[in-house]
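Please read the following report alongside the sequence and the coordinates. It takes up selected residues and the side-chain interactions around them.

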Amino acid sequence: SFLDRSAGNAGIKDRIAYIKPSGSDINQSDFKVFQVELKLQSISLHQLSAFLHSIEADDSLVKIKKASIVKSGQSGEGIDAILWVETIAS
């Protein structure tokens with residue numbers, strides 16, 4: 001829901017193609033790493049920047065681990081981005 005709100009604030013909620021959650025235990029720890037793969041389609045660089053800023057500037061433990069960004073469509077006016085976002089929870 002945090003990513004959903006951040007996408008709404010950046011004006012790209014309707015550009016989310018998918019969100020795939022996953023999780024894993026940290027060895028010998030009470031914590032879990034939750035990772036989400038999020039794909040955004042046909043957005044502007046400005047929209048992506050606003051979305052990334054809203055995630056990273058928040059005081060929560062949500063961080064961008066990795067990103068893949070490519071031009072979208074034949075005109076190349078927009079971009080597609082796949083983001084791997086993670087947080088740690090107990």
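## Burial, charges and rings

Ser6 is found in helix H1, which covers residues 2-9, in what is a predicted model. Is Ser6 buried or exposed? Its relative accessible area is 5%, and because buried means under 20%, Ser6 counts as buried. When the neighbours within four places in sequence are left aside, the residues in contact with Ser6 are Phe51, Ser54 and Ile55.

Turning to charged side chains, the count of salt bridges in this predicted model comes to one. The partners in this salt bridge are Lys13 and Asp4, whose side chains meet at 3.4 Å, taken from N to O. Lys13 is partly exposed, with a relative accessible area of 46%, and Asp4 is also partly exposed, with a value of 30%; both residues fall into this class because partly exposed covers the range between under 20%, which is buried, and over 50%, which is exposed.

Two further lysines are placed over aromatic rings, and the table gives the distance from each ring centre.

| Lysine | Ring | Distance from ring centre |
|---|---|---|
| Lys20 | Tyr18 | 4.6 Å |
| Lys66 | Trp84 | 4.7 Å |

In the case of Lys20, the residue lies over the face of Tyr18, while for Lys66 it is the charged end that sits over the ring of Trp84. How many aromatic pairs are there? The count of aromatic pairs comes to zero.

A nonpolar patch on the surface is made by Phe31, Leu61 and Ile88, and its area is about 300 Å². Of these residues, Ile88 can be placed in strand E4, which runs over residues 78-89. Ile88 is partly exposed, with a relative accessible area of 42%, and this value satisfies the patch requirement because residues in patches need over 30% relative accessible area.

A backbone feature remains to be described, and it concerns Ser42, a residue in strand E2, which covers residues 32-43. What is phi of Ser42 near? The angle is near 50°, which is a positive value in a residue other than glycine. Ser42 counts as partly exposed, at 37% relative accessibility, whereas Ser6 in helix H1 is buried at 5%.

How values were computed
Residues are numbered from 1 along each chain as its sequence is written. This is a predicted model: local features need pLDDT of at least 70, side-chain atom pairs count only at pLDDT 80 or more; totals for chains, interfaces and linings use all residues. Side-chain values use heavy atoms; hydrogens and water are left out. Helices (H or I, at least four residues) and strands (E, at least two) are DSSP runs, numbered from the N terminus. Buried means under 20% relative accessible area, exposed over 50%, partly exposed in between (1.4 Å probe, protein chains only). Contact means heavy atoms within 4.5 Å. Patches are made of residues with over 30% relative accessible area and no salt bridge: like charges are joined within 9 Å, nonpolar side chains (Val, Leu, Ile, Met, Phe, Trp, Tyr) within 5 Å. Accessible areas come from the Shrake-Rupley method with a 1.4 Å probe; for residues, only the protein chains shown count as cover. A salt bridge is a side-chain nitrogen of Lys or Arg within 4 Å of a carboxyl oxygen of Asp or Glu. Rings of Phe, Tyr and Trp (its six-membered ring) pair if their centres lie within 6.5 Å; planes under 30 degrees apart count as stacked, over 60 as edge-to-face and the rest as tilted. A charge sits over a ring if NZ of Lys or CZ of Arg is within 6 Å of the ring centre and within 35 degrees of the ring normal.
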